[in-house]
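Colleague: Could you take one part of this model and go through it closely, from the surrounding framework down to individual side chains? I would rather have one connected account than a list of separate remarks.

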Amino acid sequence: MRMQNERRPMSRRWFLGASGAALLTAGCQDTEGKSESTGNTSGHRAVVPSGVLGANFNEDPSTMDSSMLEGLSAGWLRGFVPMPEIDKTPARQQAAIKALLSAHDKGYGTVLSLKFPYNHRPMPAVDSADMDAELARVDKVLDAAMGKADILALANEPFIESLKKDHDDGTLNAFYEKVAQHVIAYRKKRFGERCRTRLYMGSLNHLDRPDWRTPATERWMEFTRKTPEIEGVDIHPHVAAIEDSQKYLDYILPKLRRDQKFLATEFSLVLLWEQHLRDTIPAEFARRYELPAATKVWQVIKQATEHPFPQRKWHDFLSMSPWFETHKHYLRNQVQKFRDTGKLAVATYGVAQAPAMVKDFGPDKQPWLLNSLYSNLTVQEGEDGKPARSYGLFDDFRALQRAEDRRPVRTAETTT
C-alpha cells in the first residue's frame with residue numbers, strides 16, 4: 001500500500017473535527033505502564049464512533065493509496081486479515097494489518113476483521129491442538145494490533161466461511177466464542193480494564209432470508225448480548241433491494257443491549273446488479289457508441305475491464321441503464337437508514353476495483369466492480385493522472401462525511 005511514506009495533512013478542521021465525538025480519556029495503557037504507541041505513561045484519547053462512514057479495502061490494500069482516501073475525505077479505514085497468512089508473514093508485515101497500522105499512525109480510525117476460512121474443512125473443536133494453533137495466530141495479530149486498531153471484529157463472514165454441519169452442531173458458535181473469550185482475556189491481561197480497541201462479533205450475512213436466521217445466529221446474538229466486553233455485531237447486507245437491508249436491522253437490533261451498536265463493514269446492491277447482467281443494453285447507448293443492439297450488459301462491462309472506457313462513456317453506460325440510474329443514490333439512502341437507528345457505530349464502503357473483480361468477467365460473475373467508489377480498472381485515468389471517480393457513489397460518499405468523523409492525529413499533544 002502506498003501510504004507508508006506520506007503524512008496526513010493536519011489542518012485546523014482535522015483537529016477540531018473530533019469535537020462532536022465522545023472521548024475516552026483512559027486510553028489504552030499496558031500493565032507495565034507504557035503507552036502502546038508513544039512509549040510514555042499516558043494513554044491516548046479514543047473516539048467512541050457513532051454513525052461513521054469509512055472506507056473499506058477488504059484484504060487487498062494495494063488497490064488504493066492515501067490520495068484516494070484524501071479524495072474521499074474518509075477518516076476511517078477497514079480491512080480483514082486471513083488468519084492462515086500469519087503462518088507465512090509476521091503479523092506487522094501482513095498486508096492488511098500493515099496498512100491499518102500505517103493508517104492509525106496518520107490519524108485514521110481503523111477497523112480490523114479476523115477471517116478464519118473453513119469453507120472446505122471442519123472447524124476445530126475448542127479443546128483441540130488445531131484450536132490452540134488458531135489462538136496462537138490470534139495472539140500474533142493481537143500483539144501487532146491490540147491498542148492500535150480502534151475496532152476489532154472477531155470474525156469476517158463466519159457463516160459463509162464455514163460448513164453447514166458446523167452451523168448445525170454448534171461447532172461454529174463454540175469456535176468463535178472461544179476466540180472472543182481468548183481476545184477478551186488477552187486485552188485485560190495486557191491493558192487492564194480499559195483499552196482503545198473495541199470488540200465486536202463479526203458479520204452476519206443473508207439475514208433477509210429466513211433460512212439464514214437459525215439457532216446458530218440466535219446463539220451468536222445471545223453471546224453478543226450477554227458478553228459485557230463485546231460492544232455489538234457486524235452485518236454485511238449485500239442485497240437486491242434496499243428494503244432487504246431492513247430485515248437485517250429488524251433481526252439484530254432487538255437482540256442488542258441498550259449500550260451496544262452495530263457495524264456494517266460491507267454493504268451493497270451487488271445482487272441487484274447481478275440480476276441485470278444479461279439485460280440488453282439501452283438502445284440510446286448502443287446508438288451513441290455504435291454497438292450492436294443485442295449487446296448484453298455483461299459484454300459492455302467485459303469490454304471495459306479489457307480496455308478501460310473514457311469516463312464519459314462509462315457514466316453514459318450507467319446513467320442510461322435504468323437498473324443503475326434509479327439506484328445511483330443507494331449509498332446515501334442506505335447510510336441514512338443505518339444512522340436513523342441511532343445504533344450505527346461504523347459503516348465502511350469499498351474504495352477501489354480490485355484485479356479479482358475484473359478477471360475473466362462474464363455473465364455469471366458477481367459484479368462487485370460496480371460497487372466501488374473509484375472505477376479505477378474500468379475507466380481511464382483523468383488528465384491529472386488520478387483514478388476515475390465512480391458515478392453517483394463517489395459524490396454521495398463525500399457528502400455523507402461529517403466533521404465529527406474526522407479523527408485527530410494521534411500525537412503527544414493528544415495524549416492525556
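## Rings, strands and their packing

Modeller: A convenient place to begin is Lys255, which lies over the face of Tyr251 at 4.0 Å from the ring centre. A second contact of this kind involves Lys313, whose charged end sits over the ring of Phe309, 4.2 Å from its centre. Please keep in mind throughout that this is a predicted model.

The framework is a barrel that eight strands close in the order β3-β4-β5-β6-β7-β8-β9-β10, with parallel pairing. On average, and with direction ignored, neighbouring strands of this sheet are turned by 25° against each other.

The part I would look at most closely is strand β9, which covers residues 261–264; from this strand Lys261 and Leu263 point one way, while Phe262 and Ala264 point the other way, and all of these residues are buried. On one flank, β9 pairs with β8 in the parallel sense over three bridges, and within that pairing Leu263 of β9 is the bridge partner of Asp234. Between these two strands the chain passes through helix α8 (residues 242–252), and the resulting β-α-β crossover from β8 to β9 is right-handed. Strand β10, residues 344–350, also pairs with β9 in the parallel sense, again over three bridges; here Ala264 has Ala347 in β10 as its bridge partner.

Further back along the barrel, β6 (residues 151–153) and β7 (residues 198–204) are likewise joined in parallel by three bridges, with Ile151 standing opposite Arg198 in β7. Helix α6, made up of residues 171–191, lies across β6, β7 and β8 (230–235) and runs at about 165° to β7. Helix α7 (residues 215–226) also packs on the sheet, where it touches β7 and β8, and its direction makes about 170° with that of β7.

Helix α7 contains Thr224, a residue that counts as buried because its relative accessible area is 0%. Once its neighbours within four places in sequence are left aside, Thr224 is in contact with Met201, Ile230, Gly232, Val233, Leu256, Arg257 and Gln260.

The aromatic side chains add another layer to the picture, for a search of the whole structure finds 20 aromatic pairs. One of them joins Tyr118 and Phe175 edge-to-face, at 5.7 Å centre to centre and with 70° between the planes. This pair links distant parts of the chain, since Tyr118 is in the loop between β5 (109–115) and α4 (129–145) and Phe175 is in helix α6, 57 residues apart. Tyr118 and Phe175 are both buried.

Another pair brings us back to strand β9: the ring centres of Phe262 and Phe338 are 5.7 Å apart and their planes stand at 75°, so the pair is edge-to-face. It too links distant parts of the chain, with Phe262 in strand β9 and Phe338 in helix α14 (residues 330–340), 76 residues apart. Phe262 counts as buried because its relative accessibility is 0%, and Phe338, with a relative accessible area of 0%, is therefore buried as well.

Finally, ring pairs link Trp273, Phe285, Tyr289, Phe309, Trp314, Phe317, Trp323, Phe324 and Tyr391 into a cluster. Among these is Phe309, the ring over which the charged end of Lys313 sits.

Notes: Residues numbered from 1 in each chain as written. Predicted model: local features only at pLDDT ≥ 70, side-chain atom pairs only at ≥ 80, totals over all residues. Heavy atoms only, no water. Pairing = 2+ DSSP bridges. Helix = DSSP H or I, 4+ residues; strand = E, 2+ residues; numbered from the N terminus. Axes fitted to C-alpha atoms, helices over the stretch in contact; angles between N-to-C directions. Contact = heavy atoms within 4.5 Å. Buried < 20%, exposed > 50% of the residue type's maximum accessible area, 1.4 Å probe, protein only. Right-handed = clockwise from strand over helix to strand, strands pointing away. Phe/Tyr/Trp six-rings, centres within 6.5 Å; stacked < 30°, edge-to-face > 60°. Lys NZ or Arg CZ within 6 Å of the ring centre and 35° of its normal.
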